[in-house]
Amino acid sequence: MKPPPFTYHAPRDLGEALETLAGVGGKVLAGGQSLIPMLNMRLAAPEHLVDINRVAALATLEAAPEGVTVGALARHAQVARADAHPLLGQALRLVAHPVIRNRGTVVGSLVHADPAAELPAVLAVLGGSVRLARHGQGERDVPAEEFFVGPMESAVRPGELAVSAFFPVLPAGSGTAFREVARRHGDYALAGVCAAVTLDEDLHVASARVACIGVGPVPVVADVTTECDRRPASTVDWAAVTRAVQEATEPEGDIHASAAYRLHLVGVLAEQALKDAARAAAQEAAPSPATG
Amino acid sequence: MEHEITLVVNGTARRARVPARRLLSDCLRHDLGLTGTHVGCEHGVCGCCTVLLDGEPVRSCLTFAVTVDGQEITTVEGLAGPEGPSPVQRAFGECHALQCGFCTPGFLCTVTALLRENPAPTDEEVLEGISGNLCRCTGYQNIAKAVHRAAELLAEEGQ
Ligand SMILES: Cc1cc2nc3c(=O)[nH]c(=O)nc-3n(C[C@H](O)[C@H](O)[C@H](O)COP(=O)(O)OP(=O)(O)OC[C@H]3O[C@@H](n4cnc5c(N)ncnc54)[C@H](O)[C@@H]3O)c2cc1C
Ligand code: FES
Ligand code: FES
């Protein structure tokens, strides 16, 4: 279990990093919490590694009223501690273990695009985007729906660096939740659902979206606003909502779970996550003094 | 190509010439002779290779030695003070929190950092804190007890 040999580059700033990537191609090394296991197991053998850990300018986290921008070197733990975005925080608690979160990066997880990873679903349900840069060509912003191309495949092209990801803040009266089932705490989920619900002034559902993981090649986004029929959460026809979510997914079976079990799970988790999100939204809309 | 690196390990600057692919775990064990850091799975799952990097626990099997050139590493060998084993180490002994000891270096480093950040963790916080470390012997009960005991010892000794 030793990584295959590679040529190592350790650029000190963004310009040098982009130049190196454009020059030698090769793979970006961020937290290494996905790439190094793949190297150790010899599932990947890049000729060049471009280590961005010394590019301090990428370790940024900017919270603005419209959303949170996470730089390529912001680690899971740093982002969770900053508590800048409620859904990011909820999702990060489910990503691996605390020690892995000290090294792994949010942007690295997006680029890695594991179909069972939590953060791609967060970007997808919020309609966020990833900013890509290439030497001599400026930057391009890729929206979530185009960023995740297939299992372990994102829109990042050889020679490009993902410099940051943008997670939009939801409108007032919104709530979010993340529910998943994993074999063991900290493992990748068998299936998971993150939900974002916005209520109107009468606390009726004005918008409801979910993104599901582990049940398709990329996060499966389903907008169930129509199925919620602008009712209060307590009278929504949850069976119809669950069906709509299940119909959007295409789970596959493997040694961990059958396709049928994943389909069942995603329905149960969607209902739970949407109800949790609606409850959080109601609290946000009308915070009750009794519960704070 | 080999790289000349300097790591400050347990307070001492140590130099090594390593190929880029040298994992920090192997650098510590083979290049620096510090075999207290154990290696189990080499893909981040078991936690026995956990060391402190600038005070924060990380997987040394998922870190290249070249990446952390110039940084501070604490291994299990560096946990004891001049007066002997650290409170966390003593608590593990007292509570029988180890049997074969293979997982112990990783637990000790993880718990040392955990209690530094959270000196009085709840049961749930203890379980969450050690959830990334596997032990095939103890059944975890005594490890969880040892974490609470270590918190007591640290509080008593004002550390
Ligand atoms: C035991 C264990 C359990 C885990 N459990 C989970 C889990 O439950 N959920 C989960 O989501 N993740 C899990 N992970 C993975 C973890 O979240 C990783 O940190 C994350 O997937 C990748 O982030 P990284 O910074 O470590 O990326 P790296 O490993 O450094 O890179 C991953 C890939 O992305 C590319 N890349 C990284 N950054 C950039 C960039 N800025 N520009 C272009 N390309 C880039 C790399 O070239 C590589 O191909 C687990 C990992 C371990 C070891
Ligand atoms: S050897 Fe590093 S986590 Fe198992
Ligand atoms: S004491 Fe043997 S593995 Fe933990």
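**Exercise 1. Sort the shell around ligand 1 by residue class, then find out which parts of the protein build it.**

Step 1: the classes. The shell around ligand 1 holds 16 nonpolar, 13 polar and three charged residues. Here Ala, Val, Leu, Ile, Met, Phe, Trp, Tyr, Cys and Pro count as nonpolar, Asp, Glu, Lys and Arg as charged, and the others, Gly among them, as polar.

A word on the ground rules: this is a predicted model, where local features need pLDDT of at least 70 and side-chain atom pairs count only at pLDDT 80 or more, while totals for chains, interfaces and linings use all residues. Residues are numbered from 1 along each chain as its sequence is written, chains are lettered from A and ligands numbered from 1 in the order in which they are written, and side-chain values use heavy atoms, with hydrogens and water left out.

Step 2: the members. Ligand 1 is surrounded by 32 residues, and the closest are Val28(A), Gln33(A), Leu35(A), Thr105(A) and Glu118(A). A residue is near the ligand if one of its heavy atoms lies within 4 Å of it. The site is shared between chains, because residues from chains A and B surround ligand 1.

Step 3: the elements. In chain A, strand E2 (27-29), helix H6 (106-112) and strand E10 (161-168) each supply at least two shell residues. H6(A) gives the most, with five residues. Helices (H or I, at least four residues) and strands (E, at least two) are DSSP runs, numbered from the N terminus.

**Exercise 2. Track down polar contacts of ligand 1 and place Ser34(A).**

Step 1: look for N or O pairs within 3.5 Å, the cut-off for a polar contact; within protein, one atom must be able to donate a hydrogen and the other to accept it, and residues adjacent in sequence count only if both atoms are side-chain atoms.

Step 2: go through the partners.
- Ser34(A) puts a side-chain N or O atom 2.8 Å from an oxygen atom of ligand 1.
- Leu35(A) uses a backbone N or O atom, 2.7 Å from an oxygen atom of the ligand.
- Tyr188(A) has a polar side-chain atom 3.2 Å from a nitrogen atom of the ligand.

Step 3: check the cover. On its own, ligand 1 has 970 Å² of accessible area, and the protein covers 95% of that. Accessible areas come from the Shrake-Rupley method with a 1.4 Å probe; for residues, only the protein chains shown count as cover.

Step 4: place the serine. Ser34(A) sits in the loop between E2 and H2 of chain A. With a relative accessible area of 24%, Ser34(A) is partly exposed; buried means under 20%, exposed over 50%, and partly exposed in between (1.4 Å probe, protein chains only).

**Exercise 3. Which parts of chain A does the Asp200(A)–Arg230(A) pair tie together?**

Step 1: confirm the pair. The two side chains, Asp200(A) and Arg230(A), meet in a salt bridge at 3.2 Å, N to O. That term means a side-chain nitrogen of Lys or Arg within 4 Å of a carboxyl oxygen of Asp or Glu.

Step 2: locate both ends. Asp200(A) lies in the loop between strand E12 (191-199) and strand E13 (205-213), and Arg230(A) in the loop between helix H9 (225-228) and helix H10 (238-248), so the pair ties together parts that are 30 residues apart in sequence.

Step 3: compare exposure. Asp200(A) is buried at 17% relative accessible area, whereas Arg230(A) is partly exposed at 47%.
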